[in-house]
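Here is a structure to explore together, with a few questions along the way. Take a look at the chain first, and then we can reason through some of its local features.

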Amino acid sequence: MNEQWLTLAGRRLLPVVQGGMGIGISAHRLAGTVARNNGMGTIASIDLRHHHPDLLARVEGTRDKAAIEAVNLIALDREIRAAKALADGHGLVAVNVMKAVSAHASLVRQACESGADAIVMGAGLPLDLPELTAAHPNVALIPILSDSRGVSLVLRKWMKKGRLPDAIVIEHPAHAGGHLGASRIEDLGDGRFSFDRVLTECREIYASLGIEWARVPLIVAGGIHRHEQVKHWLGQGAAGVQLGTAFAVTEESDAHPAFKEVLATARPEDIAEFTSVAGLPARAVLTPWLKRYLSRETALQAKAKVRQCLEGFDCLQACGLRDGVARIGQFCIDLKLAQAVRGDVARGLFFRGRDPLPFGERIRPVADLMRYLLTGESPADGPDAVDAADATPVAIA
């Protein structure tokens with residue numbers, strides 16, 4: 001099936017990575033299934049209590065940040081162990097931790113202690129990741145960056161600490177979903193984010209630093225939805241590709257069926273860019289809530305003021321709504337993403353990439369998606385979805 005492999009943490013993987021998607025879109029079922037099919041599956045670490053009714057009940061009505069963070073660490077531990085069990089020794093199970101999250105350090109430590117094979121970090125420069133994982137040297141470390149300047153900075157800083165990334169995800173902000181790696185919406189299409197340009201400039205950076213090209217593999221992310229693209233970028237020097245939205249709409253995605261339908265049926269004109277409360281550009285489906293919010297955004301920003309966190313969670317290090325930062329988003333992102341994972345189409349925030357999906361509006365198993373990306377073989381339409389526990393893993397050779 002495949003003539004090129006992605007080597008991470010001493011393992012040979014299929015060159016297809018599933019991106020982390022929160023809240024709770026990529027939890028143990030999706031990540032474990034991708035790993036079981038010899039890829040790298042990724043659990044999104046933020047606020048996983050929403051998949052555990054007993055943990056939700058434990059903090060119902062509380063505004064105790066420490067208590068909420070404690071149950072989220074328990075939830076993360078459960079999800080990692082469940083994903084590893086489902087993977088059954090295949091692939092890798094990674095955990096995505098957003099640098100912008102206030103509890104990022106404790107989430108990284110918990111992920112390592114619970115047996116995660118890799119830590120993926122974006123939404124900010126992960127300059128402290130080597131220190132946070134020092135007690136777990138066998139855990140692969142994978143920053144998410146968008147241009148060669150970020151790559152150069154991270155490599156130079158980490159080299160001073162005696163550590164190199166095990167891989168780097170290069171995410172194109174003009175195509176990806178969720179939070180995007182540009183400082184402003186106007187910058188999303190900047191030429192410095194071109195995969196061709198980043199790959200070329202990174203070759204020069206690696207050479208100048210004395211790093212062999214294969215030592216720190218680059219994984220391109222954003223806009224990948226066809227076999228031909230996978231074949232092209234692997235041929236251009238990328239070691240792998242990462243997809244988010246295409247995995248979010250698989251049979252094994254941990255999201256509600258209504259969430260999958262919203263993403264799968266969205267047309268190009270239904271997808272919008274806006275500024276998140278985290279201060280980063282973001283891309284999502286124009287659902288009823290997002291339409292209303294964007295129509296009122298200017299008025300809400302004019303009324304911005306410092307206030308208590310609506311959820312008592314203080315999930316972000318910097319939050320436009322809580323901190324009264326008028327130039328960025330004015331909504332509670334934790335609340336909106338939690339509503340989305342429950343399938344609340346009217347009120348939720350549904351992050352999505354800009355590009356078409358490999359199977360259009362069809363919801364297919366993970367194995368079908370990975371096979372198509374690597375071979376171009378598209379499954380026949382029909383009600384023949386395979387249960388994750390019984391599916392035959394995608395062969396590695």
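A residue is called buried when its relative accessible area is under 20%, exposed when that area is over 50%, and partly exposed in between. Please keep in mind that this is a predicted model.

Q: Is leucine 132 buried or exposed?
A: Leucine 132 sits in helix α5, which runs over residues 129–132. Leaving out residues up to four places away in sequence, leucine 132 touches His104, Ala105, Val108 and Arg109. Its relative accessibility is 15%, and the cut-off is under 20%, so leucine 132 counts as buried.

Q: How many Å separate the C-alpha atoms of leucine 132 and proline 165?
A: Along the chain, leucine 132 and proline 165 are 33 residues apart. In space, the separation of their C-alpha atoms is 14 Å.

Q: What span should helix α3 have, at 1.5 Å a residue?
A: Helix α3 covers residues 65–87, which makes 23 residues. The expected span is 1.5 Å times one less than the number of residues. The end C-alpha atoms of α3 are 33 Å apart, in agreement with the expected value of 33 Å.

Q: Which residue caps the N-terminal end of α3?
A: Look for a side-chain oxygen that lies 3.0 Å from the backbone nitrogen of alanine 66. The residue that supplies this oxygen is aspartate 64.

Q: Which elements help to cover the buried residues of α3?
A: The buried residues of α3 include Ile68, Val71, Asn72, Ala75 and Leu76. Further along, Ile80, Ala83 and Leu86 are also among them. The cover over the buried residues of α3 includes α1, β4, α2, β5 and α4.

Q: Is aspartate 88 buried or exposed?
A: Aspartate 88 comes just after α3, in the loop between α3 and β5. Its phi is positive, near 55 degrees. Most residues other than glycine have a negative phi. With a relative accessible area of 57%, which is over 50%, aspartate 88 is exposed.

Q: What is the phi of alanine 9?
A: Alanine 9 belongs to the loop between β1 (6–8) and β2 (11–13). With 37% relative accessibility, alanine 9 counts as partly exposed. Its phi is positive, in a residue other than glycine, and lies near 50 degrees.

Q: What kind of peptide bond joins glycine 22 and isoleucine 23?
A: Isoleucine 23 is placed in the loop between β3 (16–18) and α1. Most peptide bonds are trans. Between glycine 22 and isoleucine 23, however, omega is about 0 degrees, and the bond is cis.

Key:
Residues are numbered from 1 along each chain as its sequence is written. This is a predicted model: local features need pLDDT of at least 70, side-chain atom pairs count only at pLDDT 80 or more; totals for chains, interfaces and linings use all residues. Side-chain values use heavy atoms; hydrogens and water are left out. Helices (H or I, at least four residues) and strands (E, at least two) are DSSP runs, numbered from the N terminus. Buried means under 20% relative accessible area, exposed over 50%, partly exposed in between (1.4 Å probe, protein chains only). Contact means heavy atoms within 4.5 Å. A polar contact is a pair of N or O atoms within 3.5 Å; within protein, one must be able to donate a hydrogen and the other to accept it, and residues adjacent in sequence count only if both atoms are side-chain atoms.
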